[in-house]
Amino acid sequence: PARSDALAEGIEKAIRSAGADYPPFAAVVLAGVIRPARTGGGHIDLLRERLVFPICDELGRPIAFGGRKLDPEQEPKYLNSPASPVFHKSRALYGIHRAKRSIVERKQALVTEGYTDVIACHRGGLTNAVATLGTALTREHARALRRMADTVVLLFDGDEAGQKAADRALEVFFSEQIAIKICVLPDNPDPDDLLRSEGGAARVDEALRRSTDALPFMASRVRRQFEGRGLSARQQAIEQTTAKFVDLGLNAMNGLRRQLVLQPMSELFGVSPSDLDRLAKSLRARPTGPTGEGAVGPMQSDKASIVEIPPAPGTAARHRARLGAERRLLGLLCVEPAAASVAGDVAGAGTQPLKDDIAPEEVVGHRHTAKI
C-alpha cells in the first residue's frame, strides 16, 4: 500500500493476534522492510507503493526483499532491503532456488540484470537464469555458481550500464576458475521485452549462441575507442588494456591460463603474443596501499603512472568535476577509514555501507584507483 506505515501496523496487529507464533517486531526491523521514522517516533515501511519480490537463498528461504516502483514519479525504480545478518547483496542471486537444478544440469548459469528479466527467462524456458542485486557479478557470486556450473553467461541489453557490468566481470575471470561469456541482445532491448515479442525466444537463443568470451569482448571495446585515431592512440589502447590485466593478476597466472588471456588480445590488436607477454612483464600491478601511484609502464620511473584515457570530446568539464569529487571522497576515507562503513540511501539498493557500493572499476582516475 501507499501508506507509510501500513506494513508496520499490520505486523503489530499480527503479533497481538498470533503472539509467540509470529516473529518479533525487531526481526522485521532487522530485515529492513520497516525502519524507525526519523522524526515523530514510530516506524515506516521501506517498500511502500511498490511491487515486492522476495529474494531467497538456495534453499528457498526468504532473506531479503526488492521493490519495483508503481508510481512513475517515484524514485528509485528498484529498491532492495538493506544488508542484514542473512543478506549480503554481493553474494545473493535472485532466483537461485528455482534455477539451481537447471544450472547444474546445463553446466551453465545465465545472469541477468533484474527480477523481471529472470521471470521472463524462466517463462521462456531459460530456467538457468538468475540476477544480481544492484551490483555487477562479484567473486562471491562466481564462487557460488562455480559449484554448479562451468560457464557463466552475462545477459545484458546494450546500454552503458550493462557494458560497465561486463567490464567489471573481468575481475572475476582473473580471480576465479570459471569461464565467463558476454551476451549482448540485438537492438538493445531488455530481455523481458525481447522474450515477449514475436520470435523473441529464437532471437535470444541465437544471441546466446553468439556469446563472446569476456576478455575479447572488453578488449574489442577498448580498440573501438581508438580506431582511426592514429598510431599513438592504438599504442595507448594496447598499453592501457595490458596494464588493466596486470592489475587484475595477469602476471600471477600460470603458463596455459596466461596464454588464454594473451592470445585473444594478440588477435584483436594485431600484436604478437610474445610482444604482449614482454609488455605485461614490464608492468607491475598498482599497489593497493594509500600511497600507491598507479601502474608503472615501460621506460617509466617508479613514480610515474600510466597515462589515462582522455575524456570523450565535449565532456572535459564533467571529467574534471568527477576527478575532483573522487579526490575529495577518497581523501575523506584515507583520513577517516571508518566512514566507509557508514550506511546511506543508495538508489536501487536501499540503505548500504559506502564500501559496498563503490568499486575500483568505477573510479576514472588511475591514481585514485590505487587508494581503494
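1. Two strands pair if DSSP finds at least two bridges between them. Keep that in mind as we walk through this model, which is a predicted one. Our starting place is the hairpin formed by β3 and β4, with five residues between the two strands. In its turn sits glycine 60, whose phi is positive, at about 85°.

2. Now look along the two arms of that hairpin. Strand β3 covers residues 50-56 and strand β4 covers residues 62-69; they pair in the antiparallel sense, over seven bridges. To find one of these bridges on your screen, pick phenylalanine 53 and look across to glycine 66 in β4, its bridge partner.

3. The hairpin belongs to an open sheet of three strands, ordered β3-β4-β5, in which the pairing is antiparallel. Which strands are at the edges? They are β3 and β5 (78-80), each of which pairs on one side only. On average, neighbouring strands in this sheet are turned by 25° against each other, direction ignored. Helix α4 packs on this sheet and touches β3, β4 and β5, while its direction makes about 70° with that of β3.

4. There is also an open sheet of five strands, and here the pairing is mixed. Reading across, the order is β7-β6-β8-β9-β10. Its edge strands are β7 (129-131) and β10 (212-213), each pairing on one side only. Helix α4 (residues 115-123) packs on this sheet too, where it touches β6 (108-112), β7 and β8 (151-156). The direction of α4 makes about 175° with that of β7.

5. For a closer look at one edge of the five-stranded sheet, go to β10. Strand β9 (residues 179-184) pairs with β10 in the antiparallel sense, over two bridges. Isoleucine 182 has threonine 212, in β10, as its bridge partner.

6. Next, a pair of helices. Helix α10 (residues 231-248) packs with helix α11 (residues 255-269) at an angle of about 170°, and their axes are 12 Å apart. Because of that angle, α10 is roughly antiparallel to α11. Their crossing is right-handed. On the α10 side, the residues that meet α11 include Ala237, Thr241 and Phe245; on the α11 side they are Val261, Met265 and Phe269.

7. Helix α10 has another partner in α12 (residues 273-282): the axes of these helices come within 9 Å and cross at roughly 60°. The two helices are therefore oblique to each other. This crossing is right-handed. The contact is made by Ile238, Glu239, Thr242 and Val246 from α10, together with Leu276, Leu279 and Ala280 from α12.

8. Is serine 102 buried or exposed? Its relative accessible area is 7%, so serine 102 is buried, given that buried means under 20%. Serine 102 lies in helix α3 (residues 96-106). Its side chain is joined to that of threonine 127 by a polar contact of 2.9 Å. Leaving aside neighbours within four places in sequence, serine 102 is in contact with Thr127 and Asn128.

9. Finally, try threonine 132, which you will find in the loop between β7 and α5 (139-146). Why does threonine 132 count as buried? The reason is its relative accessibility of 10%, since the limit for buried is under 20%. Beyond its neighbours within four places in sequence, threonine 132 is in contact with Leu93, Val111, Thr112, Glu113, Leu137 and His141.

Notes. Residues numbered from 1 in each chain as written. Predicted model: local features only at pLDDT ≥ 70, side-chain atom pairs only at ≥ 80, totals over all residues. Heavy atoms only, no water. Helix = DSSP H or I, 4+ residues; strand = E, 2+ residues; numbered from the N terminus. Buried < 20%, exposed > 50% of the residue type's maximum accessible area, 1.4 Å probe, protein only. Polar contact = N/O pair within 3.5 Å; in protein donor to acceptor, adjacent residues only side chain to side chain. Contact = heavy atoms within 4.5 Å. Axes fitted to C-alpha atoms, helices over the stretch in contact; angles between N-to-C directions. Parallel < 35°, antiparallel > 145°, perpendicular 65-115°, else oblique. Left-handed = near helix turned anticlockwise from the far one by under 90°.
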